[in-house]
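This report walks through selected parts of one structure for a reader who has not met it before. Please keep the sequence and the 3D view at hand while reading.

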Amino acid sequence: MASESLTFSPDGKQLAYIRMFREVRILDAQTGRIVRRLHPNQFAGGEEIQYIQVAWSPDGSEIALRGRPRRIAVLDSATGREKWATQL
């Protein structure tokens, strides 16, 4: 399975999931159509990152990702811009 998690936005109108460990897709929850594709940073500290979990912030403005090895990143849910990231 290429994604270990998917999650509804706080308002229930969108669904986010990780595709092939590299791309976050945001779907319209009623139609299933892709609304946005987000492409988080794939390399950190010389290692390729595979994203495996996704979660929305309570207000829906951000998406948090957990990646292997040991990475957490927060993206703007509208633009996909990485707001911050850290190695664990």
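## Glu48 and its surroundings

In this predicted model, Glu48 is found in strand 6, which covers residues 47-48. Glu48 has a relative accessible area of 36% and is therefore classed as partly exposed, since that class lies between the 20% limit for buried residues and the 50% limit for exposed ones.

Once residues up to four places away in sequence are set aside, the residues that Glu48 touches are Arg22, Gln42, Phe43, Arg68 and Pro69. With Arg22, one of these residues, Glu48 forms a polar contact of 2.2 Å between the two side chains. Pro69 stands 21 residues away from Glu48 along the chain, and the C-alpha atoms of these two residues are separated by 8.1 Å.

## Salt bridges around Glu23

A search of the whole structure finds five salt bridges, and two of those described here involve Glu23. In one of them the side chain of Glu23 meets that of Arg25, with an N to O distance of 2.6 Å. How accessible are the two partners, Arg25 and Glu23? Arg25 counts as buried at 14% relative accessibility, and Glu23, with a relative accessible area of 10%, is buried as well.

The side chain of Glu23 also meets that of Arg37 in a salt bridge, here with an N to O distance of 3.9 Å. Because Arg37 lies in strand 4 (residues 34-38) while Glu23 lies in strand 3, this pair ties together parts of the chain that are 14 residues apart in sequence. Arg37 is partly exposed, its relative accessible area being 46%.

## A salt bridge between strands 9 and 10

Another salt bridge joins the side chains of Glu82 and Arg71, with 2.9 Å from N to O. Glu82 belongs to strand 10 (residues 82-87) and Arg71 to strand 9, so the pair links parts that are 11 residues apart in sequence. Glu82 counts as partly exposed at 29% relative accessibility, whereas Arg71, at 5%, counts as buried.

Which residues are joined into one network by salt bridges that share partners? They are Glu23, Arg25 and Arg37.

## The largest nonpolar core

The largest nonpolar core holds 13 residues, and those that touch the most other members are Ala16, Val24, Ile26, Ile63 and Leu65. The elements that contribute two or more residues to this core are strand 2, strand 3 (23-28), strand 7 (50-56), strand 8 (62-68) and strand 9 (71-76). Strand 7 supplies the largest share of the core, namely three residues.

Val24 can be followed in further detail, again without counting residues up to four places away in sequence. The residues that Val24 touches include Ala16, Ile63 and Leu65, which are also listed among the core members with the most contacts to other members. Val24 additionally touches Tyr17, Ile18, Arg36, Arg37, Leu38 and Pro40.

## Gln14 in strand 2

Gln14 lies in strand 2, a strand made up of residues 14-19. The side chain of Gln14 is joined to that of Arg36 by a polar contact of 3.5 Å, and Arg36 is also one of the residues touched by Val24.

With neighbours within four places in sequence left aside, Gln14 is in contact with Thr7, Phe8, Ser9, Ile26, Leu27, Ala29, Val35, Arg36 and Trp56. Among these contacts is Ile26, a residue named above as one of the core members that touch the most others.

Terms used. Residues are numbered from 1 along each chain as its sequence is written. This is a predicted model: local features need pLDDT of at least 70, side-chain atom pairs count only at pLDDT 80 or more; totals for chains, interfaces and linings use all residues. Side-chain values use heavy atoms; hydrogens and water are left out. Helices (H or I, at least four residues) and strands (E, at least two) are DSSP runs, numbered from the N terminus. A polar contact is a pair of N or O atoms within 3.5 Å; within protein, one must be able to donate a hydrogen and the other to accept it, and residues adjacent in sequence count only if both atoms are side-chain atoms. Contact means heavy atoms within 4.5 Å. A nonpolar core is a set of buried Ala, Val, Leu, Ile, Met, Phe, Trp, Tyr and Cys residues joined through side-chain atoms within 4.5 Å. Buried means under 20% relative accessible area, exposed over 50%, partly exposed in between (1.4 Å probe, protein chains only). A salt bridge is a side-chain nitrogen of Lys or Arg within 4 Å of a carboxyl oxygen of Asp or Glu.
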